[in-house]
Amino acid sequence: MAGETTVLLVTDKPSLPGTVVMWAMQKFEDKAKGGKGMTVVTNILQAGGKIAAESLSINVVISLAATPGHHNTAWLTEVARVLRPGGEFWLQEPLMSRFSALQTITSLERNLILSGFLGSKSFESVEDIGLAESYQAITPVSLQVQKPNWELGSAFTLKKRTLAPKEDVTDDVIPLAKSWNWSPDVDLDELIDEDELLTEDDLRRPELPVGDDCSVEKVGKKACKNCSCGRVELEEKKVSSVLTASQINNPQSACGNCGLGDAFRCNGCPYRGQPPFKLGEKITLSSSLLVADA
């Protein structure tokens, strides 16, 4: 671009109405330097969407598009390249036929954020700047954003907070002693030692109960020498696992559950392992148990 361009007015149309150029010159008169620092570029799509300007060289870019969806991330990235930090970006494009105004604005704002712009807000409509006829009465979306004041890769230092010297502390500051409700005049010897409040019983280690696994209910455990839990008597009364003829021919049950099967029999039941039976009837194996598996 010839000369020093500070304000760039760019469009994808072959031309722009004079009212648009006058609006841009009046709007940015101080930055355009009376029009000498302003450049108008048309048919930007023929240039491949590239701006012939150095990076970080333009203060204001005004992009007026007649094509819906013109302000994609590729074009916005190109605009961000030529804008100086803190530069302004004004854009306008017609609504997409299948999208509402809210959907179009949401899509534009998302692309602007991804391209590094901040502070999206709308500006005056096309009727105020005379663009209605150039857009064939299609209502456009108009937004204004700003490029951040820092550039990608820039660095800055964090300010370290410094504490005020002790002599600068005012009387308004609550002393630490007062906040604890403690006075340095208190005699520490008058304080009670908490260990003195413990008695001998408190200091004595408690005697834990000795674990005892000697239970007559446990199957398979034999009585100890000098047993006193009753396991010896149980073993003496325990019936041999070999049933007598009387017990087979005329089975009896003190609890009434022996004939129901092992699931209902006690641990010391003499009929454990035998098939279910009816009390008073001879214990016999069913015919199904006598047939060998094929």
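# Core and ring pairs around F117

Visitor: Leaving aside neighbours within four places in sequence, which residues is F117 in contact with?
Guide: The model is predicted: local features need pLDDT of at least 70, side-chain atom pairs count only at pLDDT 80 or more, and totals for chains, interfaces and linings use all residues. Residues are numbered from 1 along each chain as its sequence is written, and side-chain values use heavy atoms, without hydrogens and water. Contact means heavy atoms within 4.5 Å. On that basis, F117 is in contact with L76, V79, A80, L83, F89, L112, V145, Q146 and K147.

Visitor: Which element gives the most residues to the largest nonpolar core?
Guide: A nonpolar core joins buried Ala, Val, Leu, Ile, Met, Phe, Trp, Tyr and Cys through side-chain atoms within 4.5 Å. This core has 21 residues, and those touching the most other members are I51, V61, V79, F89, L112 and F117. Two or more residues come from each of β1 (7-11), β3 (58-64), α3 (73-82), β4 (83-94), α4 (101-114) and β6 (140-146). The top contributor, with 5 residues, is α3.

Visitor: How many residues are in the other core?
Guide: This core lies apart from the largest one. Its members include A24, A32, I62 and L64. The total is 13 residues.

Visitor: Why is the pair of F28 and W90 assigned its class?
Guide: Phe, Tyr and Trp rings (for Trp, the six-membered one) pair if their centres lie within 6.5 Å; planes under 30 degrees apart are stacked, over 60 edge-to-face, the rest tilted. The centres of F28 and W90 are 5.4 Å apart and the planes stand at 75°, so the pair is edge-to-face.

Visitor: How many residues apart are F28 and W90?
Guide: F28 sits in the loop between α1 (18-27) and α2 (29-32). W90 is in strand β4. The pair links distant parts of the chain, 62 residues apart.

Visitor: Is W90 buried or exposed?
Guide: Buried means under 20% relative accessible area, exposed over 50%, partly exposed in between (1.4 Å probe, protein chains only). W90 has a relative accessible area of 7%. Its partner F28, at 3%, counts as buried. W90 is likewise buried.

Visitor: Which class does the aromatic pair of F89 and F117 belong to?
Guide: The centres are 5.3 Å apart. The planes meet at 35°, which makes the pair tilted.

Visitor: How many helices and strands does the protein chain have?
Guide: Both are DSSP runs, numbered from the N terminus: helices are H or I with at least four residues, strands are E with at least two. The count is 10 helices and 6 strands.
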